[in-house]
Amino acid sequence: DIKIFIFGFIGFVLLIPLILSFFTPVGASRFSGVGLLSSTGPEWRANELRSQHSNPNNLLTRLLHNRVVTYSLNFMQNYFDHYRGDFLFLNGDVIERSRVPGMGQMYLFDILLIASGIVFFIKKRTENSVIVFWWLLIAPVAAALTFQTPHALRSQNMVIPLTIISACGLVYLYD
């Protein structure tokens, strides 16, 4: 437990320059240009949905169609975009400079390795497997906070857990 605290503390200290860069004028400007909240589309969508009701000011209508709900749904859509098979295995990023033509972020045969790696981790259930799964779940959060998703460069945090899962899947298939 003390090791986890020490490594967590070292990780936090190493992240301080990155965190501080978000509060500089350049960092704030960058986030305001690509951040999910900078897009007014979800707000317009909430207003559009609200106007389709006979009484747009009804409490239920306002609870269902408001900025918080539409931005949250948009975030969830952005988050799950990074786990789509189309992005991971078939076509990759829609931005040309961030993709390899004719393939996804991973090779097509990695589907088998990832599936067997997940089975391997579920059967073993070690502390390390839990860390890998948490890493994979947390990895696309920062990328989902932008309006351009899925994005290969912003989701690079997924590479290591997917590689670990694939490697364990290969070992599991070999054994």
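**Note on salt bridges, helix α5, the nonpolar core and a pocket**

1. Arg 84 has a relative accessibility of 34% and therefore counts as partly exposed, given that the partly exposed class runs from 20% to 50%. The model under discussion is predicted, and the remarks below apply to that model. Arg 84 is taken as the starting point since it takes part in a salt bridge with Asp 81 and in another with Asp 86.

2. In the pairing of Asp 81 with Arg 84, the closest N and O atoms lie 3.3 Å apart. Asp 81 itself is buried, because its relative accessibility is 7% and buried residues are those under 20%. On the other side, Arg 84 meets Asp 86 at 3.0 Å, N to O. Asp 86 has a relative accessible area of 28% and is thus partly exposed. Side chains of opposite charge can pair when their charged atoms come close.

3. How many salt bridges does a search of the whole structure find? The search returns 3. One of them joins Arg 99 to Glu 96, with the closest N and O atoms 3.2 Å apart. Within this pair, Arg 99 is partly exposed at 24% relative accessibility, whereas Glu 96 is exposed at 55%. Through shared partners, salt bridges link Asp 81, Arg 84 and Asp 86 into one network.

4. Asp 81 also belongs to helix α5, which covers residues 67–81. This helix of 15 residues reaches 21 Å from its first C-alpha to its last, close to the 21 Å expected at 1.5 Å a residue. Along with Asp 81, the buried residues of α5 are Thr 70, Tyr 71, Phe 75, Asn 78 and Tyr 79. Against which helices do the buried residues of α5 pack? The partners are α3 (41–51), α6 (85–90), α8 (127–138) and α9 (141–144).

5. The largest nonpolar core holds 14 residues. Those that touch the most other members are Ile 114, Phe 121, Leu 162 and Ile 165. Two or more residues of this core come from each of α6, α7 (110–124), α8 and α10 (159–174). Helices α6 and α8 thereby appear again, having been named among the packing partners of α5.

6. Ile 114 merits a closer look. With residues up to four places away in sequence left out, Ile 114 touches Phe 89, Met 106, Leu 162, Ile 165 and Ser 166. Two of these contacts, Leu 162 and Ile 165, are named with Ile 114 as residues touching the most other core members.

7. The second largest pocket contains about 260 Å³ of space. Its lining is made up of 13 residues, and Gln 105, Met 106, Met 158, Val 159 and Leu 162 lie nearest the centre. Helices α6 and α10 each contribute at least two lining residues, and α10 gives the most, with 3. Met 106 and Leu 162, found in this lining, are also contacts of Ile 114.

8. A final point concerns Ser 98, which sits in the loop between α6 and α7. Is Ser 98 buried or exposed? Ser 98 counts as buried, because its relative accessibility is 12%. Apart from neighbours within four places in sequence, Ser 98 contacts Asp 93, Gln 105, Ala 152 and Leu 153; of these, Gln 105 is also named in the lining of the second largest pocket. Ser 98 and Gln 148 are 50 residues apart in sequence, and their C-alpha atoms are 12 Å apart in space.

Notes
Residues are numbered from 1 along each chain as its sequence is written. This is a predicted model: local features need pLDDT of at least 70, side-chain atom pairs count only at pLDDT 80 or more; totals for chains, interfaces and linings use all residues. Side-chain values use heavy atoms; hydrogens and water are left out. A salt bridge is a side-chain nitrogen of Lys or Arg within 4 Å of a carboxyl oxygen of Asp or Glu. Buried means under 20% relative accessible area, exposed over 50%, partly exposed in between (1.4 Å probe, protein chains only). Helices (H or I, at least four residues) and strands (E, at least two) are DSSP runs, numbered from the N terminus. The expected span of a helix is 1.5 Å times one less than its number of residues. Contact means heavy atoms within 4.5 Å. A nonpolar core is a set of buried Ala, Val, Leu, Ile, Met, Phe, Trp, Tyr and Cys residues joined through side-chain atoms within 4.5 Å. On a 1 Å grid over the protein atoms alone, a cavity is a set of points where a 1.4 Å probe fits but cannot get out, and a pocket is an open set with protein on both sides within 12 Å along at least five of seven lines; lining residues have an atom within 4 Å of a point. Grid points are joined across faces, edges and corners, and a volume is the space filled by probe spheres set on the points.
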